[in-house]
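Thanks, everyone, for making the time this morning. I would like to walk you through one model, starting with a few backbone details and then moving on to the packing.

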Amino acid sequence: MAATTSGKIIQNVFVSHCHQQNTRGRRDYYCFGPSPLGKLAWTDSSMQLRTLFKPQNHFSFQRNFHSNAAASASATAVPYLDKTDFLKLQNGSDIRGVAVDGVEGELVNLTEPVAEAIGAAFAAWLMEKKKADASQHLRVSIGHDSRISAKLLQNAISRGLAGAGLEVVHYGLASTPAMFNSTLTKNEAFLCPADGSIMITASHLPFNRNGFKFFTNAGGFGKADIKDILERAADIYNQFTEESLPNSERKASLSIKKVDYMIVYTSDLVKAVRKAAGNIEKPLEGFHIVVDAGNGAGGFFAAKVLEPLGAITSGSQFLEPDGLFPNHIPNPEDKTAMKAITQAVLDNKADLGIIFDTDVDRSAAVDFTGREFNRNRLIALMAAIVLEEHPGTTIVTDSVTSDGLTTFIEKKLGGRHHRFKRGYKNVIDEAIRLNSIGEESHLAIETSGHGALKENHWLDDGAYLMVKILNKLASARASGKGGGSKVLTDLIDGLQEPAFAAELRLKINQNHPDLKGGAFRSFREYGEAVLKHLENSIGSDPSLLKAPVNYEGVRVSGYGGWFLLRLSLHDPVLPLNIEAPSNDDAVKLGLAVLAAVKDFAGLDTSALNKLVGAS
């Protein structure tokens, strides 16, 4: 079906329109519009197609493309298109790749032509799902974070969409949650709702990376959808010919509109806090709250959300978008990032600190004492807030949450903790599944800071998580309770936290003889064999107890703590999480794992050896 549908629109798809001109024996190509090509020129001596490209990111590129001298007006493949393995761009439920040069050993594979093909593929997918015919003009919204390749990719993917006859709406700098929201908002003044939406982001990855997230009003795409789109894109890309490339700039200019949708999104966040406080205009008046956006897309939160609610935001930092991320990685799991927001809270004597990742679908907070609300603490805080509103509900989390969190949710809060797999989409889909079979769940949240609520359409929205926390501050004040963010700290009182907690990464050497022509065809097979052997070995140790219910890897309790060994979703790595009441107990758990995996020579156990003091 993918190939059939893609074929229907291929004649309308284009990379850029090139004008051929003969000048004294030289064949020049001029490409108009945002293109990776700039001016292409055939040289007399080498018949070499040369391109110089200087994008807006201050990096210069020179790439050489070779073609034979038979380039002519006949139907031929576009000469500058590199061969691309589209499926390698899949990263779970996202598309990610290297978009710009600048990191040694990382070749660019998310080019503008690739992005254009992906845009055309999404158009084909959307038209098929919406059962749209040629007379219907579906609308797609596009936003991006602060990455240096954002606008180039935005223009390229827009050409693919416009070439398929879709209406394209540019939001500019936006957040991932806002893009999903645009498929739900009903406001024609802002060209909403969109039939589909695309966020250009690579989350917290380095500056040279970028990617795409896709949404409809049914939610974010799953792995199968992404694979479908990439297969369609590969089809389209391979059919590009010079004869099938109409004027991309002309067609795109007729269908692209621009809207500041963040006005709508931030207004909704402000209304939510006011409503929670009894419709008080400035429920956060007097609260000092600092924001750290890490130079990503989250800088709006200070001026567009907190200040209209009356909060003081002086001391907020790194609010300006800068795709080189010069201060720290925008990542609530990163120690340097959390240290930065903690220091900002303490230096400014603020009541609360808030930090976002690059595209604002993850977040964390810091209380007035500098205590971090991230990972298990953030889950505990959100669980406390949600269980006040929905007593007894199930809290769905990823697999690496602590035993102390389970005790807190189930014994203190009276809820149920359902520990599932890593991957925010896995956690969200599991919560949706539980509701479908009659088990009420209102919160799905990962230790990474991804959190989604049923009341917010199961969207993982870092800004909305922080709004729920602000609601608690505002409603506490409205009911006469003071103490600033202490009300939040008190909510997680009783959460047991381990003295030792670590995640070690045991890498699988794909060049080891066991994997190269050996008994195992892939790192995944090898990793599964390690896990199976570990699982079988646990039964012989009376000090260890395998978790009776577990959905990912091998989780074992013992020596007052626990460990989880699992296979990474995407990489040749077995992450090992260990939590224990002391370093000595952590070493005992580490030794149990080491004894079970020591015969797997293709597994790098150096990090584990270091933990247990082995050579």
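Phe318 sits in the loop that runs between helix H8, residues 300-306, and helix H9, residues 335-348, and I should say straight away that what we are looking at is a predicted model. The reason I begin with Phe318 is its backbone, for this residue has a positive phi of about 55 degrees although it is not a glycine. As a reminder, most residues other than glycine have a negative phi. Is Phe318 buried, exposed or partly exposed? Its relative accessibility is 21%, and because the buried class requires a value under 20%, Phe318 counts as partly exposed.

Lys131 also has a positive phi, here about 50 degrees, and again the residue is not a glycine. You will find Lys131 in the loop between H2 and strand S8, the latter covering residues 139-144, and with a relative accessibility of 72% Lys131 is classed as exposed.

Staying with the backbone, please look at the loop between helix H4, residues 176-181, and strand S10, residues 196-200, which is where Pro193 is found. The peptide bond that joins Cys192 to Pro193 is cis, with omega at about 10 degrees, whereas most peptide bonds are trans.

One more loop residue is Asn456, placed between strand S21, residues 451-453, and helix H13, residues 462-478. Asn456 has a relative accessible area of 10% and is therefore buried, and, if we set aside residues up to four places away in sequence, Asn456 touches Asp461 and Tyr464.

Now to the packing of helices. How do H2 and H3 cross? The axes of H2, residues 112-129, and H3, residues 150-163, come within 7 Å and cross at roughly 40 degrees, so the two helices are oblique to each other, and their crossing is right-handed. Among the residues that meet there are Ala115, Ile118 and Phe122 from H2, and Leu152, Ala156 and Arg159 from H3. By class, this contact has 10 nonpolar, 2 polar and 3 charged residues.

Finally, the cores. The largest nonpolar core has 70 residues, and those with the most contacts inside it include Leu284, Phe301, Met466 and Ile469. Taking Ile469 as an example, and leaving aside its neighbours within four places in sequence, we see Ile469 in contact with Leu352, Leu378, Leu381, Met382, Ile385 and Leu488. Apart from that core lies another, of 43 residues, among them Ala121, Ile157, Leu161 and Ala252.

Conventions. Residues are numbered from 1 along each chain as its sequence is written. This is a predicted model: local features need pLDDT of at least 70, side-chain atom pairs count only at pLDDT 80 or more; totals for chains, interfaces and linings use all residues. Side-chain values use heavy atoms; hydrogens and water are left out. A nonpolar core is a set of buried Ala, Val, Leu, Ile, Met, Phe, Trp, Tyr and Cys residues joined through side-chain atoms within 4.5 Å. Buried means under 20% relative accessible area, exposed over 50%, partly exposed in between (1.4 Å probe, protein chains only). Contact means heavy atoms within 4.5 Å. Axes are lines fitted to C-alpha atoms, for helices over the stretch in contact, and angles run from 0 to 180 degrees between N-to-C directions. Helices (H or I, at least four residues) and strands (E, at least two) are DSSP runs, numbered from the N terminus. Angles under 35 degrees count as roughly parallel, over 145 as roughly antiparallel, 65 to 115 as roughly perpendicular and the rest as oblique. A crossing is left-handed if the near helix is turned anticlockwise from the far one by less than a right angle, and right-handed if clockwise. Ala, Val, Leu, Ile, Met, Phe, Trp, Tyr, Cys and Pro count as nonpolar, Asp, Glu, Lys and Arg as charged, and the others, Gly among them, as polar.
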